[in-house]
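Please look through the sequence and the structure shown here before reading on. The paragraphs below take up a few regions in turn.

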Amino acid sequence: MSNIPTEQWAQVIEKSGYSPVIPATVYKKIPVAKPGPDEVLVNIKFSGVCHTDLHAMKGDWPLDRKLPLVGGHEGVGVVVARGDLVKEVEIGDHAGVKWLNGSCLSCPYCRQADEPLCPDALLSGYTVDGTFQQYCVAKAAHIARIPKECDMEAISPIMCAGITVYKGLKESGVRPGQSIAIVGAGGGLGSYALQYAKAMGLNTIAVDGGDEKAKVCKELGASSYIDFTKTKDIVKDVQAATDDGLGPHAVLLLAVSEKPFQQASEYVRSKGVVVCIALPAEAYLKAPVFPTVVRMITIKGSYVGNRQDTAEAIEFYRRGLIQTPRKTVGLSELSKIYELMEAGKIAGRYVVDTSR
Ligand code: 8ID
Ligand code: ZN
């Protein structure tokens, strides 16, 4: 433990809200926490910035979080200390700290590997301090194992964005050769969804807005791109993008906007599956009963992933099937990222480097 400092740089949310003029997150020095008996301390090198972190800062979800709070849940670094009960993680291992920081491992959900549903789940950067600091504590059982050959900067957003869309694709039940609409495809989750879907042999219909998002989506292998800001009839356009014109077999909803949640059940193919992943504040799902019934549509939620999903999503990356289109800045510049995110101007992901 001798090389571990007692103080470190962190971005701390001190109050709720959001204003580009007076950012709610403050870059300052705070004490380094000590890991408990079943925990590890990870020297975070890089962390992706997820739209969830912006929700946490604004406090716009119906879920309480701690304050003051260190946000962030896509952190990757090196294990520098471990509690007495930890046997399976070595000092020097590379590890990822995910949204699911810990769970009880004994409730009916945990026993069946639905750990994200654990009523006592600890959430990084929400109910416990997260990865926008240089040293982060996490439950040893839940850290992601990062192969040493993987670049820590590029793999960091897999810890949430990658795992979440990988799990969402599994939940959609689509099979190779089928088609999927990815709504919000040019954003953080979307840019991974396009790649995992392509690696699984799916045709992808990317939906997002603007030319920069179009470019990223095409580069990541989207079969077609529909600009929601330009289309006159999104239902017709999405359906027309499928080979037989009947619509995609599934839809992944990744856009932080209520409207697509109303539209998806209209353009998904009969017997298709709409997977809700984005969490726009105060939004409602609405679908007309008659066509939903007679077209046998499934609408479901999907929430991060379990430890096995994590290992699988990382393995796709390790095999070279997934890239991270990204911009990297210092941790000190976090508020600038929130401004761009709020304006919907981020194509791919922003990553922060905790050393600057
Ligand atoms: O486990 C989960 N369910 C989970 C995990 C991680 C993140 C859920 N999330 C949630 C986040 O909290 C957030 O609400 O998923 C949402 C998306 O996160 P993100 O990918 O990190 O956000 P982003 O990078 O800002 O991308 C959002 C994209 O949506 C597009 C934007 O242009 C942007 O590219 N978009 C919007 I806003 N409205 C759109 C619309 N009407 C749209 N794209 C198509 N149609
Ligand atoms: Zn996230």
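What follows is a walk through one helix, several single residues, a ligand site and a pocket.

The model is predicted. A convenient place to begin is helix α1, which covers residues 51-58. How many of the residues of α1 are buried? The count is 6 of 8, so the helix is mostly covered, with buried meaning under 20% relative accessible area. The buried residues are Thr 52, Asp 53, Leu 54, His 55, Ala 56 and Met 57. These residues pack against four strands and a helix, namely β1 (7-13), β2 (25-31), β3 (39-49), β4 and α11 (334-342). Just past the end of α1, Gly 59 has a positive phi of about 70°.

Leu 54 is one of the residues in helix α1. Its relative accessibility is 0%, and Leu 54 therefore counts as buried, the limit being under 20%. For a sense of distance, the C-alpha atom of Leu 54 can be set against that of Gln 308. The two residues are 254 residues apart along the chain, and their C-alpha atoms are separated by 27 Å.

Further along the chain, in the loop between α1 and β4, comes Pro 68. The peptide bond that leads from Leu 67 into Pro 68 is cis, with omega near -10°.

The next stop is His 73, in the loop between β4 (69-70) and β5 (75-82). Is His 73 buried or exposed? His 73 has a relative accessible area of 0%, which is under 20%, so the residue is buried. Its side chain makes a polar contact of 3.0 Å with the side chain of Asp 53, and Asp 53 is itself one of the buried residues of α1. Leaving aside residues up to four places away in sequence, His 73 touches Ser 47, Cys 50, Thr 52, Asp 53, Val 97, Lys 98, Trp 99, Ser 124, Thr 131, Met 159 and Cys 160.

Another histidine, His 94, is in strand β6 (residues 94-97). The relative accessible area of His 94 is 16%, and because this is under 20% the residue counts as buried. Among the residues that His 94 touches, not counting those up to four places away in sequence, are Gly 77, Val 78, Ala 144, Arg 145 and Met 152.

The loop between α2 (108-111) and β8 (122-123) holds two residues to look at, and Leu 117 is one of them. With a relative accessible area of 44%, Leu 117 is partly exposed. Its C-alpha atom is separated by 8.5 Å from that of Tyr 303, although the two residues are 186 residues apart along the chain. Ala 113 is found in the loop between α2 and β8 as well. Ala 113 is partly exposed at 31% relative accessibility, and its phi is near 65°, a positive value in a residue other than glycine.

A positive phi in a residue other than glycine is also found at Glu 282, where the value is near 55°. Glu 282 belongs to the loop between β15 (273-276) and α9 (289-294). At 74% relative accessibility it counts as exposed, because the limit for that class is over 50%.

Now turn to ligand 1. How many residues surround ligand 1? There are 29, and the closest are His 51, Thr 52, Asp 208, Val 304 and Arg 349. An oxygen atom of the ligand is 2.6 Å from an N or O atom in the side chain of Asp 208. For the side chain of His 55, a buried residue of α1, the corresponding distance to an oxygen atom of ligand 1 is 3.0 Å. At Leu 279 a backbone N or O atom lies 3.0 Å from an oxygen atom of the ligand.

The last region is the second largest pocket, with a volume of about 180 Å³. Two elements give two or more residues to its lining, β10 (144-145) and α10 (307-318). Which element supplies the largest share of the lining? Helix α10 does, with 5 residues. The lining includes Arg 307, Thr 310, Ala 311, Ile 314 and Glu 315, along with Ala 144 and Arg 145. By class, the lining has 7 nonpolar, 1 polar and 4 charged residues. Ala 144 and Arg 145 are also among the residues that His 94 touches.

Note on methods. Residues are numbered from 1 along each chain as its sequence is written. Chains are lettered from A and ligands numbered from 1 in the order in which they are written. This is a predicted model: local features need pLDDT of at least 70, side-chain atom pairs count only at pLDDT 80 or more; totals for chains, interfaces and linings use all residues. Side-chain values use heavy atoms; hydrogens and water are left out. Buried means under 20% relative accessible area, exposed over 50%, partly exposed in between (1.4 Å probe, protein chains only). A polar contact is a pair of N or O atoms within 3.5 Å; within protein, one must be able to donate a hydrogen and the other to accept it, and residues adjacent in sequence count only if both atoms are side-chain atoms. Contact means heavy atoms within 4.5 Å. On a 1 Å grid over the protein atoms alone, a cavity is a set of points where a 1.4 Å probe fits but cannot get out, and a pocket is an open set with protein on both sides within 12 Å along at least five of seven lines; lining residues have an atom within 4 Å of a point. Grid points are joined across faces, edges and corners, and a volume is the space filled by probe spheres set on the points. Ala, Val, Leu, Ile, Met, Phe, Trp, Tyr, Cys and Pro count as nonpolar, Asp, Glu, Lys and Arg as charged, and the others, Gly among them, as polar. A residue is near a molecule or strand if one of its heavy atoms lies within 4 Å of it.
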